[in-house]
Amino acid sequence: MSEPLRRRAFLKNTIAAGTGLAVGAGSRPADAAAVPQDPPPQVDAAPIDNVRIGFVGVGRRGSGLVRQLLRIQGLEIRAVCDIVEDKVQRTQQVVQQSGQPKPAGYSRGETDYRRMCDREDLDLVITATPWLLHVPVSVAAMNAGKHAATEVPAAMTVEGCWKLVEASEKNHRHCVLLENTCYFREVMCVLNLVRQGFFGEPMHAEAGYQKDARFYDLTADGGFTFAGDFSKNHKGNVYPTHDVGPLAQWMDINRGDRFDYLVAMAGNARSFNLYGQKYYGPDHHLSKTKFEMADISTCLIQTVKGRTIYLILDTHLSRAKARHIYRLMGTTGVVDATTDGIYLEGKSPSKDRWHGQWESLEEYCRESPHPLWRDLETKAIGSGHGGADYLCLYRLIESLRTGTPPEIDVYDAAAWSAIIELTDRSARNRSLPQEFPDFTRGKWKTNPPLPIRGAFG
Ligand SMILES: NC(=O)c1ccc[n+]([C@@H]2O[C@H](COP(=O)([O-])OP(=O)(O)OC[C@H]3O[C@@H](n4cnc5c(N)ncnc54)[C@H](O)[C@@H]3O)[C@@H](O)[C@H]2O)c1
């Protein structure tokens, strides 16, 4: 039996023997205390002057990322892969128009990414494919000696999360999650303020995604996209990283604290039936099928250090789009990015000791921006998601060019993405608590907090 398999069998037996929190029947448990403390090998951090990229999946998201990458210095897009040949050709043209040589094209079917990953002249493989391909493509890249970067979520199962961690450690390669929300201006501004101690001790945080995203689940003729296909019978939060990522950074998750366990609830599934009845009639499969999905998924996470996190995914019902929910409550301050409110004890106005007054977070972002925003705002603005897409890619390339650790590493990718399976298991079992595996195997205790850095040049 391989080492990873041996470890998983050991975990299963340990928990089956009755340790720790209860988990649902048939679940695949993992427990921090039970994991052997072998330190993960270091990633090979030798600086790469010119980062040679292979890109897999140039659909809506991937083609946008390619355009942003081409604005960053010190990289070359050497190869492009998509099952649709036209998309590969379009991307080749875009790359050539930017002044780079024509990248090699790969479109010989579902697994042609493997042939691309085996090329010798690549340093990094970026994946923007449908969800279930993120793990196989990233693992193929790392096994072929390339760094990997994947769109969100990194994996859809706990097993997939472990595969990424194990491939990264075995091959000494980075596996970066391209979580662009961590680069939102207000999110980074709050991180900077947290680090300066303005909130005191972070105690609780909340986040939520609030928009009718059924367009992403359904095709024009009422079929399912990859997202709808995965979500339709999933009772958990299928898209947690946009929300949990910023909170995890504010709370030093995997860098001084870590997720301990969660409890989740799934609301009823009405949305696809109502949508089908309204637009396709009563006989359409969307109208008639009984789906198990959570129209609204909620969960609570407790950290090992006793902090709490609340997440809500509200993306299936008819609603007016609202900003992401991002809130942090600390011992000496509170921020509500959704309503642009911030209150810092001793700094913000207060009528008396009980009645603090809200200030504008936007003003803080202007007056004390995160150094990365201070340095790169002009370049970032205009790229997707308010500039966050550019900064997310900039940092990826910068970390490889300077040989410094990426901000969102494989352990973050795994801990944030594990929420998908853990919320499903909990919601199916009357909110039974589900333990997070310690993907860092104890390193969270000594890992330093994320540095607050500007751009290098
Ligand atoms: N971070 C963000 O803000 C954000 C926004 C949108 C999408 N995304 C993520 O980006 C990813 C892609 O989403 P999308 O909306 O671009 O989907 P999409 O369907 O438009 O694009 C996926 C592409 O992958 C290609 N593909 C499918 N199977 C393949 C295979 N075996 N080999 C190579 N290529 C293959 C498809 O042909 C398509 O071009 C998803 O993981 C999604 O969650 C992230």
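This passage describes the confidence, the sheets and the helix contacts of a predicted model of one protein chain.

The protein chain has a mean pLDDT of 91, and 90% of its residues reach 70 or more. Confidence nevertheless varies among the elements of the chain, since strand E1 (residues 51–56) has the highest mean pLDDT, at 99, whereas helix H1 (residues 3–16) has the lowest, at 36. Over residues 1–40 the pLDDT stays under 50, and for these residues the model has 52 contacts beyond four places in sequence. Where pLDDT is low, the predicted coordinates should not be read in detail.

One open sheet of the model is formed by six strands, which follow the order E3-E2-E1-E4-E5-E6 with parallel pairing. Its edges are strand E3 (104–106) and strand E6 (175–177), each of which pairs on one side only. With direction ignored, neighbouring strands of this sheet are turned against each other by 25 degrees on average. Within the sheet, strand E1 runs parallel to strand E2 (residues 75–81), and six bridges join the two; Arg52, for instance, has Glu76 in E2 as its bridge partner.

A further open sheet is made of nine strands in the order E14-E13-E12-E11-E7-E10-E9-E8-E15, and here the pairing is mixed. The edge positions are taken by strand E14 (359–360) and strand E15 (434–435), each pairing on one side only. Strand E8 (residues 259–266) is paired in the antiparallel sense with strand E9 (residues 296–303), over seven bridges, and Tyr261 stands opposite Gln302 in E9. Helix H10 packs on this sheet, where it touches strand E7 (202–210), strand E10 (308–314) and strand E11 (325–330), and the direction of H10 makes about 160 degrees with that of E7. The bridge partner of Ala264 in E9 is Cys299. Strand E8 also pairs with E15, again in the antiparallel sense, over two bridges, and in E15 the residue opposite Tyr261 is Glu435. Tyr261 thus has a residue opposite in E9 and another in E15.

Helix H10 (residues 241–250), which packs on the nine-stranded sheet, also meets helix H7 (residues 185–195), the two axes coming within 9 Å and crossing at roughly 20 degrees. H7 and H10 are therefore roughly parallel to each other, since an angle under 35 degrees counts as such. The crossing in which H7 passes H10 is right-handed. On the side of H7 the contact is made by Val187, Val190, Leu191 and Val194, and on the side of H10 by Pro246, Gln249 and Trp250. Six of the residues in this contact of H7 with H10 are nonpolar and one is polar, while none is charged.

A second helix pair consists of helix H6 (158–171) and helix H16 (residues 410–417), whose axes come within 9 Å and cross at roughly 175 degrees. This angle makes H6 roughly antiparallel to H16. Cys161, Leu164, Val165 and Ser168 in H6 meet Val410, Tyr411, Ala413, Ala414 and Ser417 in H16. By class, seven residues of the contact of H6 with H16 are nonpolar and two are polar, and no charged residue takes part.

A third pair is formed by helix H2 (residues 60–69) and helix H15 (residues 388–402), which pack at an angle of about 65 degrees with their axes 10 Å apart. H2 is therefore roughly perpendicular to H15. The crossing of these two helices, H2 and H15, is right-handed. Leu65, Gln68 and Leu69 of H2 are in contact with Asp389, Tyr390 and Leu393 of H15. The residues of this contact of H2 with H15 comprise four nonpolar, one polar and one charged.

Two local backbone features are found in loops of the model. Val152 and Pro153 are joined by a cis peptide bond, with omega at about -15 degrees, and Pro153 belongs to the loop between strand E5 (147–150) and helix H6. Asp340, although not a glycine, has a positive phi of about 60 degrees, and its place is in the loop between strand E12 (333–336) and strand E13 (341–344).

Conventions:
Residues are numbered from 1 along each chain as its sequence is written. This is a predicted model: local features need pLDDT of at least 70, side-chain atom pairs count only at pLDDT 80 or more; totals for chains, interfaces and linings use all residues. pLDDT is the predictor's confidence in each residue, from 0 to 100. Helices (H or I, at least four residues) and strands (E, at least two) are DSSP runs, numbered from the N terminus. Two residues are in contact if their C-beta atoms, placed from the backbone, lie within 7 Å. Axes are lines fitted to C-alpha atoms, for helices over the stretch in contact, and angles run from 0 to 180 degrees between N-to-C directions. Angles under 35 degrees count as roughly parallel, over 145 as roughly antiparallel, 65 to 115 as roughly perpendicular and the rest as oblique. A crossing is left-handed if the near helix is turned anticlockwise from the far one by less than a right angle, and right-handed if clockwise. Ala, Val, Leu, Ile, Met, Phe, Trp, Tyr, Cys and Pro count as nonpolar, Asp, Glu, Lys and Arg as charged, and the others, Gly among them, as polar. Two strands pair if DSSP finds at least two bridges between them.
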